[in-house]
Amino acid sequence: MPASKQKYVPTSGTYPKGFLATGIHVGVKPTNRQTPDLALLASENPCSCTAVFTKNKFQAAPVTLSRQVLERRSGEGIRAIVINSGCANAVTGKGGLDDASSMGRAVDACFQASPENTSPTQQGQASESDPSSTLVMSTGVIGQRLPISKILAAIPTAYSSLSATHNSWLLAARAICTTDTFPKLLSRTFTLPSSPGTTYSLAGMTKGAGMIHPNMATLLGMLFTDAPIPAKTLQPLLTHAVDRSFNAISVDGDTSTNDTLAFLANGAAGGNPITSLTSEDGKAITEIVTAFTQQLSQLVIRDGEGATKFVRVRVTNSPSFADAQKIASTIARSPLVKTALYGKDANWGRILCAVGYTEGLSPGAVVPEKTSVSFVPTDGSEVLKLLVRGEPESVDEKRAANILENEDLEISVDLGGGETGTGTEEASYWFCDFSHILMLQVVALRSTDTARWTSRDIFLPESAMHFDRGNRQTRKQ
């Protein structure tokens, strides 16, 4: 792990009651000799659950299976999530779907065989017609079958090692990593207006560093809480939060075949069920979960493949949230904007250009004479105005270069209320820059995974440049 990323890895946590976690080594990829690559997260009690999935037309087998599990159970009675890294189980046909189903069934069997399971309706071997209570996720190389025998043989071991300790949660977060340079895990406590004396917990983990751009969900992610939230409330809650977090990040503009984000609530901490997001508890939990998912999703940008910048683009005074989000998304995935930021070039014309070609905006959303663009330093120093109500400013190039030397940056785009001048909505997107390091990493990873590509297969501007996977930097040999 690069030393600069160590600060993002928690050394302790406060995890929701009744949830257990683990991560073990299976060796999904033959080259993996010791790194955990199978994660299991489970609840001691059945959970309400909802999820959002990729809209990529080539949806991986685990995506199809997990959607079916939730539909058959109407979002209730979910017990666990099992995740493997090293193989995406995507574009693998019926065999891949059978493999995903076998993983879920193997976890179900562990619950059924557990001495703690005293329910007469759940003891013994479940029928194949019974809905599974386990979601399945996979991440890794597309187009290859899972070493399913190895995985199925390891699931009982994973089940027996489930624990509520911080280390177990961290092992699970490590087990789902692929090109990630650090595990992404967060947790927090909170209270609700109707139960001020009850402390609830919320935990989440995610993985991703490349193939990151939203279309319903992004990458793999899991949220867990011991608050009592039924499935019918979880769905709109997750949708609201994801639209402002995981659906508001971009690394490279690609949407994966496996993107899944699931939210489980077991109610183990007690209290009144949250049945409406318009209630005081509903408003509070919406704010809490949205802020939490924003923090969690931003860790993905911090780990973006080849990234040297962490950028927030904030579009304000828009006629609608949808218009603001579309503009922010267009700026975030503009290769010209991303390469300019990497080159520390204050070329605000590229930002304005992206605003101007944003598709699907409502009439009058963008008025050139009312639009302003600024760089907002994250150190609290004065905002650098680049364009004010359609008029270019005389930019201090030296100060602009100094601002762009920093890792963190905010780009502000003020639409001035649009044509009517009354717009007050805003949206943010978080993204990273494009660097030559990204291309070098693609080459390095491809060489490591298949030994079919080498640095000689691609032209590099300096043949003496060498990619170091350990610290994501280049150096002269």
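1. Two strands are said to pair if DSSP finds at least two bridges between them. With that in mind, and remembering that this is a predicted model, one can follow β5 and strand β6, the latter covering residues 195-207, which pair in the antiparallel sense over eight bridges.

2. The connection from β5 to β6 leaves two residues between them, and the two strands together form a hairpin. As a landmark for finding this pairing in the structure, look for R188, which stands opposite L202 in β6.

3. On to the next strand: β6 also pairs with strand β7 (residues 220-225), again in the antiparallel sense, and here the pairing runs over six bridges. A useful landmark is G204, which has L223 in β7 standing opposite. When you trace such strands, bear in mind that in a regular strand the side chains alternate between the two faces of the sheet.

4. T181 belongs to the loop that lies between α4 (166-175) and β5 (184-192). Despite this place in a loop, T181 counts as buried, because its relative accessibility is 14% and the cut-off for buried is under 20%. The side chain of T181 also makes a polar contact, at 2.5 Å, with the side chain of D303.

5. T233 is found in helix α5, which spans residues 231-243. With a relative accessibility of 2%, T233 counts as buried. Which residues is T233 in contact with, leaving aside its neighbours within four places in sequence? They are I274, T275, S276 and L277.

Methods: Residues are numbered from 1 along each chain as its sequence is written. This is a predicted model: local features need pLDDT of at least 70, side-chain atom pairs count only at pLDDT 80 or more; totals for chains, interfaces and linings use all residues. Side-chain values use heavy atoms; hydrogens and water are left out. Helices (H or I, at least four residues) and strands (E, at least two) are DSSP runs, numbered from the N terminus. Buried means under 20% relative accessible area, exposed over 50%, partly exposed in between (1.4 Å probe, protein chains only). Contact means heavy atoms within 4.5 Å. A polar contact is a pair of N or O atoms within 3.5 Å; within protein, one must be able to donate a hydrogen and the other to accept it, and residues adjacent in sequence count only if both atoms are side-chain atoms.
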